[in-house]
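Here is a short briefing to read alongside the sequence and the 3D view. Take a look at the structure first, and then walk through the topics below.

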Amino acid sequence: MTIKILSRALSLASTLFVCAAAVAGPFDIPANVQTVAKAQITAGALEAPIRFLASDALEGRGPATRGDALARLYLAAELQSLGYLPGGEKGGWEQTVDVVGTTAQLPAAWSFAGKNGKVDLKLSDDYIAGSGVQTPGAAINDAALVFVGYGIEAPEYKWDDFKGVDVKGKVLVMLNNDPDWDPKLFAGKTRLYYGRWVYKYESAARHGAAGVIIVHTTASAGYPWQVVQSSWGGEQFELPAEGEPRIQLKGWATEDAARRLVKAGGQDLDKLIAAAKSRSFKPVPLALRTSISFDNKVSRVRTANVAGVLPGSDPKLREQVVIYSAHHDHFGIGEPDETGDTIYNGAEDNASGCAQVLAIARAMAALPERPRRSILMLFVAGEEQGLLGSRYYSLHPTFAPGKIAANINYDGGDYRGRTLDLTAIGYGKSSLDGIARALVEKQGRTLVPDQFPDRGYFYRSDQFNFAKIGVPALYFDNGTNYLGKPAGWGRERAEQWEEHVYHQPSDEIDDTWVFDGMIEDASVGFYAGWLVAQADAMPTWNPGDEFEAARKKALAH
Ligand SMILES: [Zn+2]
């Protein structure tokens, strides 16, 4: 406790903000707004929600469990007590999110007939798949295979792997990732949405394909085959189908299996990969046909997003909104760890994100004058099952996408102390950068981009679903350079955490947690959202960004 008080007293942030106010700049925060932030975004305001949400009593907040219901009730009650209005369906605090689970009972071998003979791919060793449909069975009947390169259509990069070729009813063989050898193409090494498997399956569905086989290599996936095996081996969760096009099967094959497969189809994998690295690539038919059918175990459960609105003060701008988000779900009760603990408390992931959004909600509500734009606090469901709550919100938004000024997402929070840096996942994509950078610099710190750009973190938390409907979005993640700690300490701790705590029962709050860093990080988000809510114009994507087209479409409506 003494340490916490001492480090707060040493806080640079307060003095820096007061100095900055003397010279008026576009990102200055008025003194009365800073006063509110300091009074509301406190250690207690952050710690209390984490203690509650991550307690064993909430049983890990697994979707559709009693712990889930209690977490939602608590979040709605907090918002109501702060003066927010219900922002959910039918005048309530919740937006229902139905979740469908499918477990595909795949055949032990998947057979292909090729011009150079027959190939059997062994389940798990050679191929793995999930069902693309939510029905009790899925089937592909005598479909031809086509190699479609990366399976990407990106007008902003003048890239089209399909070239108008009809691939309806076919099984598409695709490369993972996106073109990464040229910094001017698909942001170089940074993995864009086009490089993610979700995009590949959606792209195939849009073309009416029957199925997809993504060729796995560790380099292109960013993770080994075992990760594909374990993440696709069990139940897969989705939102209920709403009549959108769907493929029957979402598959993966090892590089070795893909090599054998295309060889049986009269082609050489290396030559196909080389051909795919060109804008002039055209789909290559493989002399291969296949049939596969399997049963699905289908389950349906119900959870909900929690939403509260603080209406804006400007009669016109109040139709527009700044959305803060944090997922409230975690894994519930599951496999015991080595200590026998079965409760996946999710203290950091993501009770700490909920706590930061609640603290920001507190500060917004306590302002002497309401922000001009409205503020929506959105606690989304089912993130751990594939960003389901935020996806549902993006498909059924309570404010039109063109009226959503920005999304600021929190997934995790810093409980190790103050850092000299703050990570902005999504840095380099929109005008939110300038705002966040100015704010972080006024705290005497540096804003840094995603430290692992090849892992595609921007696409792995809820802000991504806002970006997909065109909303400029940022997700603040911990810094690594801790004040008063030796160089490398932060990274080391982050790596240890990833190995021993992430998504394990040991993600719990204890007395080693300190909140001075989290206070600063949450304050940045509060000030950033306040600035966005006050500004005459809404934030914009950087020209040529992958989500710019979606924004233009949203603003035209
Ligand atoms: Zn999370």
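**The zinc site and other local features**

In this predicted model, the zinc ion is coordinated at 2.0 to 2.7 Å by His 327 (NE2), Asp 349 (OD), Asp 411 (OD) and Asp 411 (OD). Asp 411 is thus listed with two OD entries. The bullets start with this site and then move on to strand pairing, one helix and some backbone details.

**Zinc site**

- Along the sequence, the donor residues of the zinc ion follow the spacing H-x21-D-x61-D.
- His 327 belongs to strand β14 (residues 321-327) and Asp 349 to helix α11 (residues 347-366), so this pair ties together parts that lie 22 residues apart in sequence.
- What makes the arrangement irregular? The four donor atoms around the zinc ion subtend angles of 53 to 150°, whereas a tetrahedral site would need all angles between 85 and 135 degrees.
- His 327 is buried, and its relative accessible area is 0%.
- Asp 349 is buried too, with a relative accessible area of 5%; the cut-off for buried is under 20%.
- Asp 349 also takes part in an unusual backbone feature: the peptide bond from Asp 349 to Asn 350 is cis, with omega near 10°.
- Asn 350, on the other end of that bond, is found in helix α11.

**Strand β3 and its partners**

- Which strands pair with β3? One of them is β4 (residues 117-122), which runs antiparallel to β3 (residues 109-114) over six bridges.
- Within this pairing, Ala 113 stands opposite Lys 118 of β4.
- The connection from β3 to β4 is a hairpin of two residues.
- Strand β13 (residues 284-310) is another partner, pairing with β3 in the antiparallel sense over three bridges.
- Here Gly 114 is found opposite Leu 288 in β13.
- As a reminder when viewing such strands, side chains in a regular strand alternate between the two faces of the sheet.

**Helix α10**

- At the start of α10, a side-chain oxygen of Asp 268 comes to within 3.2 Å of the backbone nitrogen of Asp 270.
- Which residues of α10 (residues 269-276) are buried? They are Leu 269, Leu 272 and Ala 276.
- Viewed down the axis of α10, the buried residues fall within an arc of 60°, so they line one face of the helix.
- Lys 271 and Ala 274, on the other side of α10, are exposed.
- The buried residues of α10 pack against several elements: β6 (137-147), β8 (159-160), β9 (171-175), α9 (255-264) and β13.
- Strand β13 therefore appears twice in this briefing, as a pairing partner of β3 and as a packing partner of the buried residues of α10.

**Positive phi angles in loops**

- Glu 59 is not a glycine, yet it has a positive phi of about 50°.
- Where is Glu 59? Its place is in the loop between α4 (43-53) and α5 (66-81).
- Glu 59 is partly exposed, at a relative accessible area of 29%.
- His 503, a residue other than glycine, likewise has a positive phi, with a value near 55°.
- The loop between α15 (489-500) and α16 (516-534) holds His 503.
- His 503 counts as partly exposed, with 24% relative accessibility.

Technical notes
Residues are numbered from 1 along each chain as its sequence is written. This is a predicted model: local features need pLDDT of at least 70, side-chain atom pairs count only at pLDDT 80 or more; totals for chains, interfaces and linings use all residues. Side-chain values use heavy atoms; hydrogens and water are left out. Donors are N, O and S atoms within 2.8 Å of the metal (3.2 Å for Na, K and Ca); water is not among the atoms, so sites may look incomplete. Four donors count as tetrahedral if all angles lie between 85 and 135 degrees; four count as square planar and six as octahedral if opposite donors are over 155 degrees apart and all others between 65 and 115; anything else is irregular. Helices (H or I, at least four residues) and strands (E, at least two) are DSSP runs, numbered from the N terminus. Buried means under 20% relative accessible area, exposed over 50%, partly exposed in between (1.4 Å probe, protein chains only). Two strands pair if DSSP finds at least two bridges between them. The arc is that of the directions from the helix axis to the C-beta atoms. Contact means heavy atoms within 4.5 Å. A polar contact is a pair of N or O atoms within 3.5 Å; within protein, one must be able to donate a hydrogen and the other to accept it, and residues adjacent in sequence count only if both atoms are side-chain atoms.
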